Amino acid sequence: MPTTTHADAFHFDHPVRSFWEATAAPLGIDTAPLAGDAQCDIAIIGAGYTGLSAALRLRSEYGMDVRVLEAAEPGWGASGRNGGFSCIGCHKRSYTSLIKSYGLEDTRRFHGAMKDAVGLVRDLCTTHGIDAWIHDGGEISLAHLPNRWAELEEERDFMARVFGEKLELLNVDQMKEQGLWAPQFHGGIRGDVGFSIHPLNYARGLARAAYRAGARIHGRSRVIRWEERAGRHILTTQGGTLSAGKVIVATNGYTPEDVSLHHRGRLMPALSNIIVTRPLSEAERRDQGWTSRLMAYDTRNLLHYFRLLPDGRFLFGGRGGTDASDAGAEPMQAHMENTLRRMFPVFGQAGITHFWRGFVCLSYDLVPYVGPLDEAKAVWTALAYHGNGVAMASYSGAALADLIGGKPERANLPSILTRRLARFPVPALRPLYLKGAYLWFNYQDNR
């Protein structure tokens, strides 16, 4: 694994010191560790959005015997520590590049799948009574340099022509009128698809729904060995063994490649970092010029993402950093606070109450993958949401259930999601690839 996955990042027995952990509703279900020998139809490794969505559908739609093995507790990983953006955008390739590789129609289907994924999150919250603090309004991308305005104009025209999407361009005066202004922004482009959520409330809500449907969820059950015997998969934890006919690996950027050999060399974990301020007064929000609760991010490759929370706090996140050790946390927090002060001078003077970080997952092709990892179609995975997995992970887990349950037509996945999960060339060099990419992105972001 790349050195970005330092052992300190896998303290499964430590709660995440996040704002979400501090404010989430209790899980309220039995997640006792696996004990003794057990068996099931489908074993799912990972109790995040992907694994829980798959478990819920496998039980409720197909009646399969499902057990979920989670190293910590449901939502401990990226599903419980992200920024809470349920929106389009789970890839790191331009649509032009996707059209060139996969064709126009498949790219349109992929775009449609991302919109369907956003709708699925809302449907799951409504159906299962999950209080995820949903706030509608869509999202806005903000030009961080004056020369990015022309790119936003091109994006508006392209999205209208290719996907029929009507995006709204906002100049600085219009941004100020809508409470979406800070000194470093030079315009924005706004879409109406998407909403913000409390990500850990959503993850725990999915866990409760899967549990009520009959899925058994075992917390504190990290898989330490995986063997294949006579057509069965034997997963060993500290407390027991689980024999399954099929396995879904739903651990995304936290996938242990020494245990899940099918994933070896195929993933690039990368750090994302979040700080949250104390509650800001109405006067502070007015002085800053940012009073909207709209989801927002800038046009950098190493983007920043931010939004006001219901109690007036400001959540500010950003990609970057390659040291996932405990020692690397303090300098990254200082960097995030300095960046907040530069971008949002008023908010940057407020005290910071929470800082946390975690892994997003990149693939070599820079698109997600949903499908099997072996010829027998006994090992399945969905992963690589490129830092935007609230919606697509939920969608991909449900799609895996349909594929395994024998209804691939229901999943109806575009080939962008199913073509391959390629290995990185010389996987041992992935830490260098990541550092090189960061240098290149920083150069591009300042041009």
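Biologist: What span should the 16 residues of helix 11 have at 1.5 Å a residue, and how far apart are its end C-alpha atoms?
Modeller: The expected span is 22 Å, and the end C-alpha atoms are 21 Å apart, which agrees. Keep in mind that this is a predicted model.

Biologist: How many of the residues of helix 11 are buried?
Modeller: Helix 11 is mostly covered, with 15 of its 16 residues buried.

Biologist: What follows helix 11?
Modeller: Gly-406 does, and its phi is positive, near 90°.

Biologist: Moving to the core. How many residues are in the largest nonpolar core, and which have the most contacts inside it?
Modeller: The largest nonpolar core has 67 residues. Those with the most contacts inside it are Ile-44, Leu-58, Val-66, Tyr-202 and Ile-248.

Biologist: Which element gives the largest share of this core?
Modeller: Helix 11, residues 389-404, with 10 residues.

Biologist: What is Tyr-202 in contact with, leaving aside neighbours within four places in sequence?
Modeller: Its contacts are Tyr-49, Val-121, Leu-124, Cys-125, Ile-130, Ala-132, Ile-197, Val-390 and Ser-394.

Biologist: And Ile-44, which residue is its bridge partner in strand 2?
Modeller: Val-68 is the partner of Ile-44 there. Strand 1 and strand 2 (residues 66-69) run parallel and are joined by four bridges.

Biologist: How many bridges does strand 1 have with strand 12?
Modeller: Nine, in the parallel sense, between strand 1 (residues 36-45) and strand 12 (residues 240-249). Ile-45 stands opposite Val-249 in that pairing.

Biologist: Now the sheet with eight strands. What is the strand order?
Modeller: The order is 6-7-5-14-15-16-13-17, in an open sheet with mixed pairing. Strand 6 (168-170) and strand 17 (352-363) are the edge strands, each pairing on one side only. From one strand to the next, the twist averages 20°.

Biologist: In what sense do strand 5 and strand 14 pair?
Modeller: Parallel, over four bridges, with strand 5 at residues 139-142 and strand 14 at residues 295-298. Ile-140 has Ala-296 as its bridge partner in strand 14.

Biologist: Change of topic. How many disulfides does the structure hold?
Modeller: Zero.

Biologist: Why is Cys-87 not in a bond with Cys-90?
Modeller: Because the two sulfurs are 9.8 Å apart, too far for a bond, and Cys-90 holds the closest cysteine sulfur to that of Cys-87. A disulfide needs the sulfur atoms within 2.5 Å.

Biologist: What about Cys-361, how far is the nearest cysteine sulfur?
Modeller: The nearest is that of Cys-90, 12 Å away, and Cys-361 is in no disulfide.

Biologist: Are those two cysteines, Cys-87 and Cys-361, buried or exposed?
Modeller: Cys-87 counts as buried at 5% relative accessibility. Cys-361 is buried as well, with a relative accessible area of 0%.

Biologist: Last thing, backbone angles. What is phi for Ala-230?
Modeller: Positive, about 50°, although Ala-230 is not a glycine. Most residues other than glycine have a negative phi.

Biologist: Where does Ala-230 lie, and is Ala-230 buried or exposed?
Modeller: Ala-230 lies in the loop between strand 10 (225-229) and strand 11 (232-236). Ala-230 is exposed, with a relative accessible area of 85%.

Biologist: And what is phi for Asn-412?
Modeller: Near 50°, a positive value in a residue other than glycine. Asn-412 is found in the loop between helix 12 (408-411) and helix 13 (415-418). With a relative accessible area of 49%, Asn-412 is partly exposed.

Key:
Residues numbered from 1 in each chain as written. Predicted model: local features only at pLDDT ≥ 70, side-chain atom pairs only at ≥ 80, totals over all residues. Heavy atoms only, no water. Buried < 20%, exposed > 50% of the residue type's maximum accessible area, 1.4 Å probe, protein only. Core = buried A, V, L, I, M, F, W, Y, C linked by side-chain atoms within 4.5 Å. Helix = DSSP H or I, 4+ residues; strand = E, 2+ residues; numbered from the N terminus. Contact = heavy atoms within 4.5 Å. Pairing = 2+ DSSP bridges. Axes fitted to C-alpha atoms, helices over the stretch in contact; angles between N-to-C directions. Expected span 1.5 Å × (residues − 1).
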